[in-house]
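User: I'd like to learn how to read a binding site from a model. Can you walk me through one?

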Amino acid sequence: MGRVQISPSILSADFARLSEEVAVIADTADWVHVDVMDNHFVPNLTLGLPVVEALQKSSALPLDCHLMIEQPDRWAPAYAEAGAASVTFHVEAADAPIRLARALRSAGARAGMALKPATSVEPYLDLLPELDLLLLMTVEPGFGGQPFLDAVLPKIRRAKAAIGDFDIWLQVDGGITAETIERCAEAGADNFVAGTAVYGADDPAAAITALRAAAERSKP
Ligand code: DX5
Ligand code: ZN
């Protein structure tokens, strides 16, 4: 499995102080996870391209943009063009996922594809060579602070087996804590999004270090 990467979600940060909130995690996190929601694909509205462009200028960490939006074929490449190092679209919303993944790569980003908890991974296994990251949601997308869905663990195991030696990061997002991260790491995930567990902690940097240690301990 790849090295453990921690991608704190700023959904749980103070939106009025975003650059300071990113600075707090800059020495311990690998990425900044940016949740873009359009109030159509999910019943919540967060931020979009102008805020991502501003973060791109101010963040010392690379941006990991998770697009929970309709029509990603139309909107996602602009996030790569804005400089986001990783851009993830939802397969449930994409018209042409292979074409979109290629467009993201040719705009210079890592191409990520996300699946909601009830979306099977098997129909998409032939797409793996087109991807740099596979995100398996461990809550229904839309909100932070929801409990982790253990029902996704078998899918994590099957996805990991299919990824094999491909250089594809297996990301989990939703309900990740120092406890649930162990189950995900044991199942084969190597890239971990955490919102509440980082920004809800008194010391976000220390929370990241604790999450990383828990994942390292549980790697297969
Ligand atoms: C939810 C978002 C997550 C969210 C996770 O739809 O994709 O990134 O911020 O928050 P926690 O870690 O609190 O479950
Ligand atoms: Zn997310």
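User: What classes of residue make up the lining of the largest pocket?

Analyst: This is a predicted model. By class, 13 polar, 11 nonpolar and three charged residues form the lining of the largest pocket. Gly is counted among the polar residues here.

User: How do you find such a pocket to begin with?

Analyst: A probe the size of a water molecule is rolled over the atoms, and this shows where empty space is left. In this model, the largest pocket has a volume of about 270 Å³. Its lining holds 27 residues, and Gly 144, Gly 145, Asp 173, Gly 174 and Gly 175 are the closest to its centre.

User: Which helices and strands supply at least two residues each of that lining?

Analyst: β2, β3, β8 and α7 (196–199) do. β2 gives the most, with three residues.

User: Where does ligand 1 sit?

Analyst: Ligand 1 sits in the largest pocket.

User: Which residues come nearest to ligand 1?

Analyst: There are 20 residues around ligand 1. Ser 9, Gly 142, Asp 173, Gly 195 and Thr 196 come nearest. By class, that shell has 10 polar, eight nonpolar and two charged residues.

User: Which strands feed the shell around ligand 1?

Analyst: β2 (32–37), β3 (63–68) and β8 (191–194) each supply at least two of its residues. The largest share, three residues, comes from β2.

User: Now the polar contacts. Which side chains should I look at?

Analyst: Look for pairs of N or O atoms within 3.5 Å. Begin with Thr 196: a polar atom of its side chain lies 2.4 Å from an oxygen atom of ligand 1. For Ser 9, a side-chain N or O atom is 2.8 Å from a ligand 1 oxygen. For His 66, the distance from a side-chain N or O atom to an oxygen of ligand 1 is 3.2 Å.

User: How much of ligand 1 does the protein bury?

Analyst: Compare the ligand alone with the ligand in place. Alone, ligand 1 exposes 380 Å². The protein buries 99% of that.

Notes. Residues are numbered from 1 along each chain as its sequence is written. Chains are lettered from A and ligands numbered from 1 in the order in which they are written. This is a predicted model: local features need pLDDT of at least 70, side-chain atom pairs count only at pLDDT 80 or more; totals for chains, interfaces and linings use all residues. Side-chain values use heavy atoms; hydrogens and water are left out. A residue is near a molecule or strand if one of its heavy atoms lies within 4 Å of it. A polar contact is a pair of N or O atoms within 3.5 Å; within protein, one must be able to donate a hydrogen and the other to accept it, and residues adjacent in sequence count only if both atoms are side-chain atoms. Accessible areas come from the Shrake-Rupley method with a 1.4 Å probe; for residues, only the protein chains shown count as cover. On a 1 Å grid over the protein atoms alone, a cavity is a set of points where a 1.4 Å probe fits but cannot get out, and a pocket is an open set with protein on both sides within 12 Å along at least five of seven lines; lining residues have an atom within 4 Å of a point. A molecule sits in a cavity or pocket if more than half of its atoms lie within 2 Å of its grid points. Helices (H or I, at least four residues) and strands (E, at least two) are DSSP runs, numbered from the N terminus. Grid points are joined across faces, edges and corners, and a volume is the space filled by probe spheres set on the points.
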